[in-house]
Amino acid sequence: MLWSDPAATFGSPVRTCEVPNSTYSARSNWITHMSSTSPLRVAVTGAAGQIGYSLLFRIASGAMFGPTQPVILHLIEIPDEKALRALQGVCMELEDCAFPLLKGTVATSDLNAGFQGVNWALLVGAVPRKAGMERKDLLGINGKIFTSQGQAIAQHAASDVRTLVVGNPCNTNALIALSNAPGVPRDQFFAMTMLDENRAKTQLAKKASTDVTGVTNLAVWGNHSTTMFPDFFNAKINGRPVPDIIGHREWLEKDFLTTVQKRGAAIIEARGLSSAASAANAVVDTVRKLTTPTPTGDWFSVAVCSDGSYGIEKGLMFSYPVRSDGRKWEIVQDLPVNPFSQAKIAATEAELKEEKALVAELLPR
Ligand SMILES: NC(=O)c1ccc[n+]([C@@H]2O[C@H](COP(=O)([O-])OP(=O)(O)OC[C@H]3O[C@@H](n4cnc5c(N)ncnc54)[C@H](O)[C@@H]3O)[C@@H](O)[C@H]2O)c1
């Protein structure tokens, strides 16, 4: 098909992106004939938001799927004039980067068009918690968003679609999306805890005065919330158990855990805005780790639909130590869990059960 497309033959290949003002239908502008590899279609919701602004450029540059994989970005926003104007600006900047791998954009507020044929759905957009809002209120508002997104994914996405939920509360939002996406296998849904893993690795590396690449086997268990448990007992520094390298047990059990669990709040306090570039980086890391083989003996953190492993209630979206062969993933089994870890894991599971109960009416399957 190289150059057989009239647009490519008779005109210069054009990449444009329009966000309609009055109607919200999608416009796809696309060049698919310049590479022998078919482009992957990647949907990003909340595309005009903070995380979107970092994430889209990383995907388009090849950081997520590698330097030879073309992509078509589906940018999804709410049908709000300000958001769509901002999205238009993002599209203009994407054009201005002239990314060789970016083969098209679809910018829309229509979910059906937005998820049409996508291979990956990165669900970033969500309503932030506002002053005076109860957790139940937030779960209810965002629950409705993830209900309709799950339905649209089931109806319109490619059969191999994999969905990663980032918008908070991401574990339970992922559970809602999964539960409203009949026909899409449960093992194709994920919620992001990689930012917590990355934060934990850096704190351990700093404490041990070593390079962050020396920290491996760091699993975050449970919910992406202050109850998460970054498991320092099973983590390693340069191949040795963390407690052998960092002998200061009180620091590990208190300061370390609190620093990681409350890092998001510390960033808001310092920056006046929530973490965005590091969150986008964690989205890139999660997708890369799911789509490339995990180094022998290592694992990474992502929330998946529990199959009952480690005694966790089946069906909860629970962050586990996970390995991938580049296509399929599995929960790492039989890691030692001591009484300290068990108590932490039980607390984060209890929180997820509570969240699930609050959205029970949004979970049809
Ligand atoms: N899992 C994690 O580790 C992690 C880390 C950081 C942030 N987050 C969460 O990610 C989400 C996005 O953060 P942000 O900083 O980009 O927020 P932001 O407010 O800057 O942007 C959110 C964007 O989503 C859009 N949006 C809202 N509802 C939408 C919908 N139904 N469909 C499409 N778009 C919609 C908004 O218009 C906005 O542009 C938040 O929920 C945040 O709490 C998760």
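**Exercise 1. Determine which side-chain contact the ligand makes with N168, and then describe its surroundings.**

Solution. An oxygen atom of the ligand lies 2.8 Å from an N or O atom in the side chain of N168. A polar contact is a pair of N or O atoms within 3.5 Å. This is a predicted model, in which local features need pLDDT of at least 70, side-chain atom pairs count only at pLDDT 80 or more, and totals for chains, interfaces and linings use all residues. Residues are numbered from 1 along each chain as its sequence is written, and side-chain values use heavy atoms, with hydrogens and water left out.

Next, consider the backbone. A nitrogen atom of the ligand is 3.2 Å from a polar backbone atom of G46, and a nitrogen atom of the ligand is 3.3 Å from a polar backbone atom of V166.

Finally, 24 residues surround the ligand (a heavy atom within 4 Å); the closest are Q50, I51, E77, V166 and N168.

**Exercise 2. Describe how helix α2 and helix α11 cross.**

Solution. First, the axes, lines fitted to C-alpha atoms over the stretch in contact, of α2 (residues 50–61) and α11 (residues 277–291) come within 8 Å and cross at roughly 40°. Angles under 35 degrees count as roughly parallel, over 145 as roughly antiparallel, 65 to 115 as roughly perpendicular and the rest as oblique; α2 and α11 are therefore oblique to each other.

Secondly, the contact (heavy atoms within 4.5 Å) joins I51, S54, L55 and R58 in α2 to A277, A279, A280, N281, V283 and V284 in α11. These residues divide into seven nonpolar, two polar and one charged.

Conventions:
Axes fitted to C-alpha atoms, helices over the stretch in contact; angles between N-to-C directions. Helix = DSSP H or I, 4+ residues; strand = E, 2+ residues; numbered from the N terminus. Nonpolar A, V, L, I, M, F, W, Y, C, P; charged D, E, K, R; others polar. Polar contact = N/O pair within 3.5 Å; in protein donor to acceptor, adjacent residues only side chain to side chain.
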